[in-house]
Structure formats: C-alpha cells, structure tokens
Amino acid sequence: MPRNPKKKRGAKKSKGNKTETGTSNSGHPPAKVWQPGVDGLDENEQLQFDPSVYDCLHAFNLGWPCLSFDFIRDELGLVRNEFPHTLFCVAGTQAANASDNSVVLARLLNITGTKRKLIPTNDEDVESDSSSSDEDDDETGSVANLKGPVLQGRLVPHQGGINRVRAMQQQSHIIATWGDNGYVQVWDMGVHLQALSTADPSVNNGLNSVHRQAPLHIFTGHKDEGFALDWSAVVPGRLVSGDCKCAIHLWEPTADGKWSVESKPFLGHKSSVEDLQWSPTEQGVFASCSVDTTIGIWDVRRRDGMVLSVKAHDSDVNVISWNRLASCMLASGSDDGTFRIWDLRSFKEDSFVAHFKYHKQPITSIEWSSHEASTIGVTSADNQLTIWDLSLERDAEEEAEFQTHIKQKVEAPEDLPPQLLFVHQGQNDMKELHWHAQIPGLLMSTAADGFNVLKPTNMENLHSS
C-alpha cells in the first residue's frame with residue numbers, strides 16, 4: 001500500500017491492502033511501500049484502502065459486539081461462485097448488561113461483488129469484468145429491487161455474554177453456546193432459520209425480532225467460564241467444551257434428542273484450556289491448546305490423560321485449527337503474535353514445519369480454508385486479518401512475466417514473507433474469522449465494532465488456477 005500523506009478530516013479507516021503494491025511505469029521514482037504492522041503513521045497521515053483489491057467487501061453490526069460467530073450451512077448449493085450471494089450465520093453478543101444478551105440468527109442477502117479475469121491485459125479487459133447487478137437473482141429468489149445487502153435477523157435471549165458459539169455441521173440448526181456465566185447450552189434454532197429462509201427479501205427487519213425459547217440442554221458442571229468448544233465432524237452431536245480451570249468435558253448425544261455429559265472431565269493441562277478441535281477423520285480424537293503453552297492430543301477411550309502433549313509456543317497458545325483437507329496438518333496461534341504449522345505425523349517439540357512472526361499482538365483466531373488445503377486465515381489483536389498460502393515461494397521470473405501483462409510495476413518489500421497473500425484492516429479489536437464452506441474464497445470476521453464480509457481479488461485468482 002502506498003503511503004499517502006493526507007490531512008485528517010475524520011475517523012476514516014483503512015479497510016485492506018494487497019501485500020504487493022505498485023506504482024506506474026511512468027519514469028517517476030517508486031512510492032514508499034508502507035508495511036502494515038511495521039511502519040507507523042505520522043500525525044497528519046492516514047491509510048486509504050484500495051477497493052480494487054476486493055471482489056467483495058461489506059460491513060454490518062448486530063447492535064452489540066460479538067466475540068464469536070459461526071457460518072450456518074444451508075441448502076443453496078455446495079459450491080457457489082456467482083454474485084450476489086446469500087449467507088446464514090449465528091453470533092453471540094457481549095452486551096453491557098447480562099440480561100441484554102442474545103443468540104443472533106442472521107441472513108445476509110444480496111452480497112454483491114465482482115468476478116474478475118486472472119490477469120487483465122488491457123483497458124477493455126478491465127471494463128469487461130463482470131460485476132453483479134441489481135438485475136441478478138440470488139440463491140433464494142429475485143432481488144431485483146434490492147439496492148444493496150440486506151440484513152435480516154432473529155434474536156433469542158441468552159443470560160450472560162457469549163464467549164463462543166458453534167453450529168453443528170450435520171444439523172446446522174443445532175447451536176452450542178459458551179456463556180460467561182459458566183454454562184454451556186445447546187439450542188435448536190430450526191424454527192428461526194426456517195423463518196429467515198422464507199422471509200421477504202425486500203424487507204430489512206434488522207434486529208427487532210426477539211423470540212424467547214428454552215435451550216435443549218444446559219450443562220452447569222464447569223467450575224468456571226470458558227472459550228473452547230467444538231462439534232465433531234465425524235460423529236453427529238458429539239461435542240467437547242473446555243474451561244479456564246483446565247477441565248474438558250465430553251458431550252454424547254442421546255436417543256431422546258438430549259446430551260449426556262460426562263461428569264469426570266479430561267484433565268492434563270496446567271492452565272486454562274483456550275481452544276478445542278476434533279480430528280476431521282478420527283471419531284474419537286481431538287486436540288486442545290492451553291495457556292500452559294502446550295497442545296494436547298486426546299483419545300476419548302482413554303481417561304488417564306493426553307495421548308500426547310507438546311510445548312508448542314513460548315507463551316499462551318490461544319487458538320488451533322485442524323486442516324480438514326489435509327488432516328495431518330494442525331495450525332496454532334500464540335499470545336506472542338506468532339503462529340506455527342505442525343505435521344501430526346512427526347509431532348514433537350520444535351518439530352513445527354513452519355513458523356511465522358508477522359503479527360505484533362496476540363493471535364485471536366486461526367482457520368484453514370475450506371477449499372484450499374494450503375491456505376489459512378489469521379486475525380490478531382493488532383487489528384489485522386491476514387491470509388497466507390503456504391505453497392507460495394517467491395519466483396523472480398514469474399513476477400517479471402506478470403509485470404509484462406499489467407501497466408503497474410509491482411514491488412513487494414523484500415522482508416515480507418512470500419506466503420503472505422493478503423492483509424485486511426479497518427476493524428478494531430478483531431476476535432474471530434471463518435471461511436464460508438460453500439462460497440470459495442469468501443470469509444467473515446468479527447471485531448468490537450462489527451463484522452466484515454470480504455473476498456480478496458487474489459482469492460479469485462487462487463481458486464481459478
């Protein structure tokens with residue numbers, strides 16, 4: 001991103017930038033490349049975002065900040081590439097008063113964007129890029145009269161703030177919440193999702209629709225609040241929840257539509273359990289990470305502790321992600337701003353296959369792409385969302401060939417990792433990101449000031465290659 005001095009006129013924020021930036025080949029000296037997380041801004045400077053680096057970028061909020069959200073699988077198509085898009089999600093609020101909190105079911109319609117060619121070769125090609133129009137139909141019916149994205153929501157009151165929320169993959173209407181009151185609850189949101197699915201697309205009901213209901217199950221056996229929560233992708237209804245008192249509880253579905261939660265927890269960590277991830281292939285295996293700097297591998301058939309424990313970082317391990325497309329790969333993010341990639345076939349201390357120290361503040365979320373085994377997204381308390389493609393290596397010949405097809409001269413800072421594909425900014429206090437499992441390249445992030453839905457232009461290139 002060029003560093004453009006400009007007098008401040010208001011609280012205008014940067015929204016994102018490519019990790020590569022360029023200037024025209026007009027004979028002028030190249031502009032200084034501003035590196036996010038490295039360079040500071042002078043008092044009279046601000047960052048300007050370049051909308052051309054996004055195929056899609058929209059922002060919305062749900063009234064209160066949300067620490068956590070999850071996409072809800074729908075029946076609109078397994079692989080959807082054409083704009084406009086429709087998506088469903090669930091989020092949990094962090095309201096000022098405990099009694100004001102809600103589980104929020106939301107439908108976003110008419111998410112517009114642009115589908116571009118891989119390498120524009122001239123002005124005609126640039127102009128021929130296909131932008132979604134108001135005349136298009138989205139996946140749920142005609143949206144011809146819609147002038148922009150529409151947010152429709154239904155609120156279910158929740159006592160206390162919601163630390164984490166997760167939707168079951170096999171039955172997307174089943175939702176689990178981890179409350180700051182120390183309770184883990186499971187909800188059936190089928191009625192609300194059905195109502196949203198059939199709602200008039202032209203009606204923006206915002207967040208005025210409140211519906212009280214009781215959860216299917218409440219577990220009060222945790223001795224403290226927690227954040228770790230994950231549904232099994234192999235065994236429908238199987239759930240694990242971990243708390244700040246080192247305990248992990250296993251939930252098993254019962255025949256009557258309830259859950260049996262084992263009172264005896266899995267114990268082994270010496271400090272707070274921060275995240276949990278089920279194996280995408282093994283029905284009884286899950287991973288955990290902790291403030292004690294370790295990652296643990298567990299087998300539900302063994303009650304005597306972890307199968308394996310590895311010191312993974314030099315500080316708290318905040319988050320982990322198990323690669324669903326390459327099940328031997330696990331990613332971890334730490335309080336010191338680093339994240340690492342592990343090969344579970346040779347999992348031991350200092351055996352990580354990649355280590356990245358780019359972010360300057362704690363890693364708050366990490367997740368492998370749903371469609372590209374080598375791509376991963378990361379959010380950090382430094383207010384950056386980064387996308388990485390671990391298969392990339394810098395290739396001078398390829399860069400030179402690419403530059404012959406475009407008018408701008410592309411120059412990337414030498415000290416940026418070649419695997420860094422994209423940097424998105426503009427949100428304050430980023431907490432969590434997720435890739436959409438049915439819309440390749442599209443992801444969403446939550447922060448203290450709301451949500452962003454985005455699809456970087458170079459993700460279009462990646463999925464078209």
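Two strands are counted as paired if DSSP finds at least two bridges between them, and helices (H or I, at least four residues) and strands (E, at least two) are DSSP runs numbered from the N terminus. The structure is a predicted model, in which local features need pLDDT of at least 70 and side-chain atom pairs count only at pLDDT 80 or more, while totals for chains, interfaces and linings use all residues. Residues are numbered from 1 along each chain as its sequence is written, and side-chain values use heavy atoms, with hydrogens and water left out.

The chain holds 4 helices and 35 strands, and of its 465 residues 52% count as buried, that is, under 20% relative accessible area with a 1.4 Å probe and protein chains only.

Among the strands, 4 form an open sheet in the order β12-β13-β14-β15, with antiparallel pairing. The edge strands of this sheet, each pairing on one side only, are β12 (162-167) and β15 (217-219). Strand β12 is joined by 5 bridges to β13 (residues 174-179), and the two run antiparallel; Ala167 stands opposite Ile175 in β13.

A further site of interest is Thr293, which lies in the loop between β21 (285-290) and β22 (294-299). Thr293 is buried, with a relative accessible area of 13%. The side chain of Thr293 makes a polar contact (a pair of N or O atoms within 3.5 Å, of which one must be able to donate a hydrogen and the other to accept it) with the side chain of Lys311, at 3.4 Å. Leaving aside residues up to four places away in sequence, Thr293 touches (heavy atoms within 4.5 Å) several residues, including Val310, Lys311, His313 and Val317.

Notes: Buried means under 20% relative accessible area, exposed over 50%, partly exposed in between (1.4 Å probe, protein chains only).
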